[in-house]
Amino acid sequence: MKRNRFYSFAYLVLWPVIHLLFRPVVRGRERVPAGSAVFCCNHSSNWDPLVIMITIGYSHQLYALAKAELSRVPLVGWILKQAGMIFVERGKADIGAVKAAMKYLKNGQQILIFPEGTRVSEEESAAAKGGVSMLSVRTASPIVPIYLDSEKHLFRRVHIVFGEPYVPTVAGRKGTAEEYQNIADEALRRIYRLKEEI
């Protein structure tokens, strides 16, 4: 599988930065599958995508879904575009972002998505979005839950736990809105259950 060279360069540059700032402690990395997969993580900080993308390891190139506002930030937006980031227009059905994510998955690549759709503290109750389910079902890609410490302090250890991959099923060929919501809710439950492994 051809790697994004800009992503590779960014990974090598950011690896020491992330390890210096967060001193990550990773569990369950042996569970990470090869081939297409939808990685789902809880979300409490703008650092989350970078922490996950670095700690998963160089052999796994993740394409993260991020809010479209980031694409308009000078320099940062350009860097993220070059690294293959998928920008999502929040508040509406962004068909372009969905098609981009599905293309990656159908090509055997891996994406990172935050089912809650926005940053939340662990104490808050956030509903999962059904998009993660549709991407998994329609591309026959497993979901991989990830738990990341919701509270992060610079230069203190941050825990990351990769869960067991699983393939959700639906009754029909494409699945219903209700089935997608149930799958997304289950993904969120599995994510927070991983906290017990820290």
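These exercises walk through the sheet, the cysteines and the salt bridges of the structure above.

This is a predicted model, in which local features need pLDDT of at least 70 and side-chain atom pairs count only at pLDDT 80 or more, while totals for chains, interfaces and linings use all residues. Residues are numbered from 1 along each chain as its sequence is written, and side-chain values use heavy atoms, with hydrogens and water left out.

**Exercise 1. Confidence**

Task: Find which element has the lowest mean pLDDT and which the highest.

Solution:
- Step 1. pLDDT is the predictor's confidence in each residue, from 0 to 100. For this protein the average is 88, and 92% of the residues score at least 70.
- Step 2. Elements are DSSP runs numbered from the N terminus: helices (H or I) have at least four residues and strands (E) at least two.
- Step 3. Helix H3 (residues 76–82) has the lowest mean, 77, and strand S7 (residues 159–162) the highest, 98.

**Exercise 2. The order of the sheet**

Task: Work out in what order the strands lie and which strands form the edges.

Solution:
- Step 1. Two strands pair if DSSP finds at least two bridges between them. As a reminder, strands of a sheet pair through backbone hydrogen bonds, either parallel or antiparallel.
- Step 2. Here 7 strands make an open sheet with mixed pairing, in the order S1-S7-S6-S2-S5-S3-S4.
- Step 3. Strand S1 (25–27) and strand S4 (86–88) are the edges, each pairing on one side only.
- Step 4. From one strand to the next, the twist averages 20°. Axes here are lines fitted to C-alpha atoms (for helices, over the stretch in contact), and angles run from 0 to 180 degrees between N-to-C directions.
- Step 5. Now add a helix: H6 (residues 177–193) packs on the sheet and touches S2 and strand S6 (143–148), where contact means heavy atoms within 4.5 Å. The direction of H6 makes about 40° with that of S6.

**Exercise 3. Around S5 and S7**

Task: Describe the pairing of S5 with S2 and S3, then trace the partners of Ile160 in S7.

Solution:
- Step 1. Strand S2 (residues 37–41) pairs with S5 in the parallel sense over 4 bridges, and Ala37 has Gln110 as its bridge partner.
- Step 2. Strand S3 (residues 62–67) also runs parallel to S5, joined by 3 bridges. Leu62 stands opposite Gln110, and Ala64 has Leu112 as its bridge partner.
- Step 3. In a regular strand the side chains alternate between the two faces of the sheet. In S5 (residues 110–113), Gln110 and Leu112 point one way and Ile111 and Ile113 the other, and all are buried. Buried means under 20% relative accessible area, exposed over 50%, and partly exposed in between (1.4 Å probe, protein chains only).
- Step 4. Turn to S7. S1 pairs with S7 in the parallel sense over 3 bridges, with Val26 partnered by Ile160. S6 pairs with S7 in the antiparallel sense over 3 bridges, and there Leu148 stands opposite Ile160.

**Exercise 4. Two cysteines**

Task: Explain why Cys40 has no bond to Cys41.

Solution:
- Step 1. A disulfide is a pair of cysteine sulfur atoms within 2.5 Å, and the structure holds 0 of them.
- Step 2. The closest cysteine sulfur to that of Cys40 is in Cys41, and it is 9.0 Å away, so the two are too far apart for a bond.
- Step 3. Cys40 is buried at 0% relative accessibility, and Cys41 is also buried, with a relative accessible area of 0%.

**Exercise 5. Salt bridges**

Task: Find which residues are linked with Arg31 in a network, and where they lie.

Solution:
- Step 1. A salt bridge is a side-chain nitrogen of Lys or Arg within 4 Å of a carboxyl oxygen of Asp or Glu. The whole structure has 5.
- Step 2. Glu164 meets Arg31 at 3.7 Å, N to O. Glu164 is in the loop between S7 and H6 and Arg31 in the loop between S1 and S2, so this pair ties together parts 133 residues apart in sequence.
- Step 3. Glu197 meets Arg31 at 3.1 Å, N to O. Glu197 lies in the segment after H6, so its pairing with Arg31 ties together parts 166 residues apart in sequence. Glu197 is partly exposed at 35% relative accessibility.
- Step 4. Arg31, Glu164 and Glu197 are therefore linked in a network of salt bridges.
- Step 5. Compare a pair within H6: Glu186 and Arg189 meet at 2.9 Å, N to O, and lie 3 residues apart, about one turn of the helix. Glu186 is partly exposed at 22% relative accessibility, as is Arg189 at 45%.
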